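User: I've got a model open and I'd like to learn how to read its features. Can you walk me through it?

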Amino acid sequence: MNPDSADIYLYFNFRSPYCYLASKTMWRIFDEYRTNLIWRPLGGWDGRSPPDVAVKKLPIARQDMARFARRLGIPVNPPPKTTDPTLAGAGSLLAEEKGLLRPYIVEVMRKEWAEGQDIGVLDVLLDVGSEIGLDREALAEAAQDPARQAVLTHNWEEAEEKGAIGVPTFICEDEIFWGQDRIDFVLEYLRERRLSCL
């Protein structure tokens, strides 16, 4: 790794409420420090609790998320429980290629978690594309591309090899920061590395 910058691997599932919270607070990592975002989107249940565990966790997770959301002053209107994040994850790879990853993440998460829309519905994603300047046809093709969807699966395999156990996970060298409430530790780590841009 370049001693003058840090590669930050971010494993992210658009269906995770904690990724929604992270989408509101993580940008300081990339705005205030000399870092390179290594984007690793996931699909399906990857990085999330399996369905049998999720059923038990849901009431607690919703309460937990609501507390964080109140602290951040952001709205929460959960999407349908059946929402599948795979199309959103595959589409994010196109957004990254076009230099629109950040607005894509922010707007997809806003539609899903603030408006309660189902981002597994292609038209919802295409509306996001229109709002941020992505071509609708190109986004439709990318979101449904089996090769791009396969990348999502590979990303989770890579995450597990690195030791990740959930999302969002930020990894820099051998340091693993799991959860949106660990972002302060990422910032602290980067300060200790003297990577501040300020």
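Analyst: We'll go from the overall fold to cysteines and then to a few backbone details. Keep in mind that this is a predicted model.

User: Fine. How many helices and strands does the protein chain have, and in what pattern do they come?

Analyst: Start by tallying the elements, then read them in order. The protein chain has nine helices and four strands. From start to end, the order is β-α-α-β-α-α-α-α-α-α-β-β-α. The radius of gyration is 16 Å, close to the 16 Å that the globule rule gives for 198 residues, so the chain is as compact as a globular protein of that length. If you're setting up a box, the C-alpha atoms fill roughly 45 × 40 × 35 Å along the principal axes.

User: What share of the residues is buried, and what share of the contacts joins residues at least 24 apart?

Analyst: For burial, look at the fraction of residues under the cut-off, which is 20% relative accessible area. Here 49% of the 198 residues count as buried. For contacts, look at sequence separation: among those between residues at least 6 apart, 75% join residues at least 24 apart.

User: And what about the surface and the charges?

Analyst: The accessible surface of the protein chain is about 9,700 Å², and 50% of that belongs to carbon and sulfur atoms. As for charge, there are 24 positive and 32 negative side chains. The centres of those two sets lie 7 Å apart.

User: Now cysteines. How many disulfides are there?

Analyst: The general idea first: a disulfide is a covalent bond between the sulfur atoms of two cysteines. To spot one, you check whether two cysteine sulfurs are within 2.5 Å. In this model the count is zero. Take Cys 19: the nearest cysteine sulfur belongs to Cys 172 and is 18 Å away.

User: Why is Cys 197 not in a disulfide?

Analyst: Because the closest cysteine sulfur, again in Cys 172, is 14 Å from the sulfur of Cys 197, too far for a bond.

User: Are Cys 19 and Cys 197 buried or exposed?

Analyst: Cys 19 is buried, with a relative accessible area of 0%. Cys 197 is partly exposed, at 45%.

User: Next, prolines. Where does Pro 75 lie, and which residues does it touch?

Analyst: With a loop residue, it's handy to ask which parts of the chain it meets. Pro 75 lies in the loop between α3 (51-72) and α4 (86-97). Leaving aside residues up to four places away in sequence, Pro 75 touches Tyr 20, Trp 113 and Ala 114. Glu 115 is 40 residues from Pro 75 in sequence, yet their C-alpha atoms are 8.3 Å apart. Pro 75 is partly exposed, with a relative accessible area of 49%.

User: Which residues does a cis peptide bond join?

Analyst: Check omega for that. The cis bond joins Val 167 and Pro 168, with omega at about -10°. Pro 168 is in the loop between α8 (146-162) and β3 (169-172).

User: What should I look for in phi?

Analyst: Look for positive values on residues that aren't glycine. Glu 173 has a phi of about 55° although it is not a glycine, and this residue is in the loop between β3 and β4 (175-178). Arg 194 also has a positive phi of about 55° without being a glycine. Arg 194 sits in the segment after α9 (183-192) and is exposed, with a relative accessible area of 70%.

Definitions and conventions:
Residues are numbered from 1 along each chain as its sequence is written. This is a predicted model: local features need pLDDT of at least 70, side-chain atom pairs count only at pLDDT 80 or more; totals for chains, interfaces and linings use all residues. Side-chain values use heavy atoms; hydrogens and water are left out. Buried means under 20% relative accessible area, exposed over 50%, partly exposed in between (1.4 Å probe, protein chains only). Helices (H or I, at least four residues) and strands (E, at least two) are DSSP runs, numbered from the N terminus. The radius of gyration is taken over C-alpha atoms; the globule rule is 2.2 Å times the number of residues to the power 0.38. Contact means heavy atoms within 4.5 Å. Accessible areas come from the Shrake-Rupley method with a 1.4 Å probe; for residues, only the protein chains shown count as cover. Lys and Arg count as positive and Asp and Glu as negative; His and the chain ends are not counted. The place of a charge is taken as NZ of Lys, CZ of Arg, CG of Asp or CD of Glu.
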